[in-house]
Amino acid sequence: MSRISYLLREAMVNMGRNALVVVGAILAVFVSLTLAFSALVLNELVKANTLQWQDGVHVIVWLKDEVRDGVTFEAQMGLLDQVNEWEEVESASFVDKAEAYQEFQEMFASNPAMLENVNPAILPASIRIKLNNIEEYRGVQLRLIDQPVVKEVTSPGESIEQLADLSNVLNMIGVVLAIIQGASAVVLISNTIRMAIYARREEIGIMKLVGASNWFIRVPFVLEGMLQGFVGAVFAVVMVFFARTRLESIDDTIGLFDFRVADSFFWKWTFLFLLFGALAGFLGSALGLRRYLKE
Amino acid sequence: MIRLQDVTKVYEGGTVAVRDANLDVAKGEFVFLVGPSGSGKSTLIRLMLRQDDVTRGSIWVAGKDVTKMPSWKVPFLRRSIGTVFQDFKLLPNKTVAENVAFALEVLGRPRTVIRRQVTQVLDLVGLDGKADRKPKQLSGGEQQRVSIARAFVNRPPIMLADEPTGNLDPATSVGIMRLLDRINRTGTTIVMATHDHAIVDAMRRRVVQLEAGRIVRDQSSGRYEHIQSPPPEEQPVGEAEEPVVVAEVLVTEPVSEDDVTVPVGDLLDAVDEPVSDSIDGPEADEAEGVESDS
């Protein structure tokens, strides 16, 4: 017990001595982890939003008409059954002409001229498909287009892809910056450890002489590094937490974009980022100890 | 207790600090390592502490081969060796008691044990009233007593001292030597490197003389200088030789004649007899009288 309090006290005293460098190291961890966490949240937002677009319908298959093309209802249902068995498909549902007309009426309720020119007979029946993974839309589209009962296949996939591309690029930049900043955080922490070792070189020499074990000499430095990383991570998490709260308060009645991130997602990553911070500190102090605390 | 076998140490750059040294120190012995600066005294001590690795040969300390010891075991080796240096190596921002306690804290001893042992050992070295001073507030002799207290607080079987009186005036040195002598009488093996003629001549203990890294003399109850017409030859390992009587007057008897009667037990709680730094009779006179080496 007295050992643990001794070790913690040592770590605290050390940090007090090199306050400025320590602040630098903590800020580096903070910036790095904030960037990484933000990238992650952005990614999650894009994913969540593209998935829920169009009520999660990823592919619409417009079917040929019974009257004009001679395609029977049985043939249409046959395709539906077939599609439902594909492994990319989460679910597929059939919307017949009457339902399509109803949908049309709702969609253009404010536009009577449109409604007048349309009757149930000209609106095609369709199969609405939800995919397990939106990225598979192209393959599904290709398989469907050759089916004799299919008139046309449409998918919001392309616009989703563009958005995904954009968010990928942003993510990449964020991650690269986070890695660079993370590396510099590790180096900075190793530097604070070096300063701490230098400040205590006499003491360390005496500790070695009186037979202090290596871990006993090292643990205060490792704790110090981990604490720095951890504090940086706490700041980063708090920062992202506030950003998240701010995003959620944005008026999303337009319904275009949902800025909410699931709690489970947020807390899982909060935990992981605190761990990353401590880990960065551990790496930094290990590096510092290896380079500057020779046997 | 300590055995060196064909020990050679070559530093990077080719300096040979120790050459084929053989030495056997029995339990409870007091051995002076003498010789001019650069003769290899300090290197031998560093090697015994495994602060340096030997180039060739082996060193046994307390039954263990130091040269083949994995580095994680070295701290345990050092716990069985108390060390005292010329520059005291005290931490300036800790008090006397804290400096001594540090040696035990590092070993994770419980607080109550630390307090008791620190009090005991400060009594022993005659610093019981100065536990709360900082090293700067003490004289050189007192600082060296603190460092001896720190070396001894853990009751190690072996004590290595590298020029412990090197920074002290002759009178103060005598006080330190009496203290080391007392510690030796508790059964602690002591090896002390020095080039203080007066002390060696007064104590009349085993003398191992080094010259350019070689052990050139190993003599029991020796004096610093081995005055003989032919140059000194190497002595057989571990065999104490009769002191060579030379044409020089023995100034006085060994320093601690009066201490001989003090039993070991009394020594550890010898509160009533603080060893002071004051000039202490004939030894001091002698110390000043014989002083001649640079």
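**Notebook: two chains, cavities, salt bridges**

I began with chain B, where 52% of the 294 residues count as buried; buried means under 20% relative accessible area, exposed over 50%, and partly exposed in between, with a 1.4 Å probe and protein chains only. This is a predicted model, in which local features need pLDDT of at least 70 and side-chain atom pairs count only at pLDDT 80 or more, while totals for chains, interfaces and linings use all residues. Residues are numbered from 1 along each chain as its sequence is written, chains are lettered from A and ligands numbered from 1 in the order in which they are written, and side-chain values use heavy atoms, with hydrogens and water left out.

**Entry 1. The chains**

I looked up the secondary structure of chain B and found nine helices and 10 strands. Helices (H or I, at least four residues) and strands (E, at least two) are DSSP runs, numbered from the N terminus. I noted an accessible surface of about 12,700 Å² for chain B, with 49% of it belonging to carbon and sulfur atoms. These areas come from the Shrake-Rupley method with a 1.4 Å probe, and for residues only the protein chains shown count as cover. For contacts in chain B with a separation of 6 or more, residues 24 or more positions apart account for 70%; a contact means heavy atoms within 4.5 Å.

I then took the matching values for chain A. Chain A has 11 helices and four strands, and 43% of its 295 residues count as buried. About 16,200 Å² of chain A is exposed, and carbon and sulfur atoms supply 64% of that area. Of the chain A contacts between residues at least 6 apart in sequence, 81% join residues at least 24 apart.

**Entry 2. The largest cavity**

I searched the whole structure for enclosed space and got four cavities of 30 Å³ or more. On a 1 Å grid over the protein atoms alone, a cavity is a set of points where a 1.4 Å probe fits but cannot get out, and a pocket is an open set with protein on both sides within 12 Å along at least five of seven lines; lining residues have an atom within 4 Å of a point. Grid points are joined across faces, edges and corners, and a volume is the space filled by probe spheres set on the points.

The largest cavity holds about 120 Å³. I counted 13 lining residues, with Val210(A), Ile81(B), Gly82(B), Arg150(B) and Ala151(B) nearest the centre. Which element gives the most to this lining? I found that β6(B) does, with three residues. In chain B, α2 (74-79), β6 (81-85) and α5 (140-152) each supply at least two. By class the lining has seven nonpolar, three polar and three charged residues. Here Ala, Val, Leu, Ile, Met, Phe, Trp, Tyr, Cys and Pro count as nonpolar, Asp, Glu, Lys and Arg as charged, and the others, Gly among them, as polar.

**Entry 3. The second largest pocket**

I put the second largest pocket at about 380 Å³. Its lining has 20 residues, and those nearest the centre are Ala101(B), Glu105(B), Arg111(B), Ile114(B) and Arg115(B). α4(B) provides the largest share, seven residues. α1 (2-17) of chain A and, from chain B, α3 (96-105) and α4 (111-125) each supply at least two lining residues. I sorted this lining into eight nonpolar, three polar and nine charged residues.

**Entry 4. Salt bridges**

I found 17 salt bridges over all chains, each a side-chain nitrogen of Lys or Arg within 4 Å of a carboxyl oxygen of Asp or Glu. Asp65(A) and Lys97(A) form one at 2.6 Å, N to O. Asp65(A) sits in the loop between β1 (59-63) and α3 (66-69) of chain A and Lys97(A) in helix α5 (residues 97-107) of chain A, so the pair ties together parts 32 residues apart in sequence. Asp65(A) is buried at 6% relative accessible area, while Lys97(A) is partly exposed at 24%.

In chain B, I noted Asp65(B) with Lys68(B) at 3.3 Å, N to O. Asp65(B) is buried at 16%, and Lys68(B) is exposed at 64%.

**Entry 5. Backbone check**

I also looked at phi, since most residues other than glycine have a negative value. Arg155(B) has a positive phi near 50° and lies in the loop between α5 and β7 (158-162) of chain B. Arg204(B) has a positive phi of about 55°, in the loop between α7 (197-203) and β9 (206-211) of chain B.
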